[in-house]
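Q: I should like to learn how a structure of this kind is read. Could we go through it together, one feature at a time?

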Amino acid sequence: VCPACGYSSVDLNKCVRCARKIPPDCKTVSEGLNQKSRKTKADSLTGDSPKKKKVCRKKRVEEPVCLTISDDEELLGLAHAHAQPLEENFHSDSNSQLSSCDKEPVITDEMITEQKQSVSGGGVDMELALDNASADEKTFLQCRTVRIGSYKVVPKDKVLITPHGLKVTVPVLNSDQSVELKILYNEIIKVLIHFGRQMPVLFFYTRPAAAAKIRKALKMDDKNGFYYDSMSSNETHRRITFLPDKIDEDCKQTLKTIFSNPENNVFAELSGKEANDILVKASPKEVQAFILKKQPNQQQQQQQQQPQPFNGQNIQTIMVYPPPPEKGGIPINTEDYACLGEDQFLNDVIIDFYLKYVVEKTLSPEDRARTHVFSSFFYKRLTTKPPPKRKSMNPVENDPTASPAAKRHSRVKSWTKNVNLFTKDFIVIPINENSHWFLAIICFPGLTGPVRFSDNTPIDLPGRKKKKPNGKHTVTIGSTTITAVSPSATLDDVEDRDEADGEDEDMDVPDEDEDGSQKPSVPEIKEEPVEDEQVANRKKQREPIKQPCILIFDSLAGASRSRVVATLRDYLRVEYEVKHGETRDFSGDVMKGTNLRCPQQTNYT
């Protein structure tokens, strides 16, 4: 150790740091002493502070949007819109393709023998165990589509997954019949799952014997057509792909537990890029050819900036509507545009844009002045309780004397600081429930009762039909009959909403024809008898009126909307008290609510 600078020098004659001569009686230390500690000691003696260790925080990766889960025609269109992102995913060199999808298994004929050995000697009937799995060890997936090799279908029911295997019911190829496919756990070689919130996906790789069983059940005979073969060199034939609507946290943990069996672990989790790479690789050949055609040559790639995958990090704004200098423009980016494809869910930006477009393009200036359209976030904010940490920011939430209606109103109180809703004739509120959009329109909230449209003269209306307390309202669409469910039968995420209690009998039921189909109803006005019969008959004809009401427009009939109507009534009552300093009746007798007939969607998703 150098007595001058304190540095531990490996040269016993001269210090390698200060170049001073080291005396023969200096202190010596073991050569194996940690060099890092010696440097720290020397720095402290010379007054130099050691360098602080740089903390590298892991960059947060946004959820990617996989572009390849729609049908083949739509994918071809999306490939044009998102050519650059798909090129990077699909058209990298061979080494990068292997590295991005190295979690995929290589299936050989030897695995047939391995399967036979694994089930030899009898034991538990796996198919029977699959059917009789207990509730705590199984899970269900509601899938929009399932791809069995190159055969894309919509499953007839939820996919059942248990520790003994999985079960899915799908249509037979070129047939109206359906078949129940059972894939046992020992027939599965690998399960790759991406748990992204926006676009989860599951890939299953089975043994060749299981693939043959599936081909026989689905009557897949032509390798040039729809086909499934886990050993095929054709990437579109190699895997079974499940595209669920969502995977909640409980389902995620169950899937990990099932497929991470210590005795036979077949599970691996995919990143968004890895999942997108597999989806692109498994896309139809015409789509791959289209992408190849669009790929620039290597020299152009070196001159241009490398494109990033369409995973939420390279989102570009397409347009702003209405464009500047108009106020309140809605920006639309590439991620919003992609959700217009088939099998995709519309997001809030598209809903807000379309309502804005309809108001600006179809309504006259007078009609626009008497119409107010709320943002798609209004009803969600109204019915969402703030987390405990944010309750302190809203004193009404912590007030034990405040009513639930007052607490809900306090969350959106500032939304109407520049508008008086009771001077409007129509208030439009888009609502999302379980990824399904419907519309509520509050009509004439400033009126206290029905009036003539022509001269605003108050009128009396006969009693309207209401839902029976124990009755079930049914609607027939084609060959499908939909029955309204009670509020207690709603899904979990709907029950988490802070909504008012509503009764089905408070909802008016539209009139029905003799064949049972609904038709819009226009109330008939009560008139005093007059002497002139012709005048009396003419006045008995139905006239347009203005009536305060809440109309529900839902393209997926069947669900009860009484809680939505009750929540909006409560909101109007508190809003009126805040704006006018007095109370007013907004009960079902004054502000009626009804589900109107409107065009119904055919996909029921």
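A: Let us begin with burial: a residue is called buried when its relative accessible area is under 20%. In this predicted model, buried residues make up 43% of the 605 residues in the chain.

Q: How many helices and strands does the chain have?

A: The count for the chain is 19 helices and 22 strands. As for contacts with a separation of 6 or more, 66% of them are between residues 24 or more positions apart.

Q: Which elements have the lowest and the highest mean pLDDT?

A: pLDDT is the predictor's confidence in each residue, from 0 to 100. Helix H3 (residues 83–90) has the lowest mean, 36, and strand S13 (residues 371–373) has the highest, 96. The chain as a whole averages 76, and 69% of its residues score at least 70.

Q: Over which residues does pLDDT stay under 50?

A: Where pLDDT is low, the predicted coordinates should not be read in detail. One such stretch is residues 58–100, for which the model has 112 contacts beyond four places in sequence. Another is residues 486–493, with 10 contacts of that kind.

Q: Which residues form a nonpolar patch on the surface?

A: Ile318, Met319, Tyr337, Leu340 and Leu346 form one, with about 470 Å² of accessible area together. Tyr337 lies in helix H12 (residues 334–338).

Q: Why is Tyr337 described as partly exposed?

A: Partly exposed lies between the cut-offs of 20% and 50% relative accessible area. Tyr337 is placed in this class because its relative accessible area is 43%.

How values were computed. Residues are numbered from 1 along each chain as its sequence is written. This is a predicted model: local features need pLDDT of at least 70, side-chain atom pairs count only at pLDDT 80 or more; totals for chains, interfaces and linings use all residues. Side-chain values use heavy atoms; hydrogens and water are left out. Helices (H or I, at least four residues) and strands (E, at least two) are DSSP runs, numbered from the N terminus. Contact means heavy atoms within 4.5 Å. Patches are made of residues with over 30% relative accessible area and no salt bridge: like charges are joined within 9 Å, nonpolar side chains (Val, Leu, Ile, Met, Phe, Trp, Tyr) within 5 Å. Accessible areas come from the Shrake-Rupley method with a 1.4 Å probe; for residues, only the protein chains shown count as cover. A salt bridge is a side-chain nitrogen of Lys or Arg within 4 Å of a carboxyl oxygen of Asp or Glu. Buried means under 20% relative accessible area, exposed over 50%, partly exposed in between (1.4 Å probe, protein chains only).
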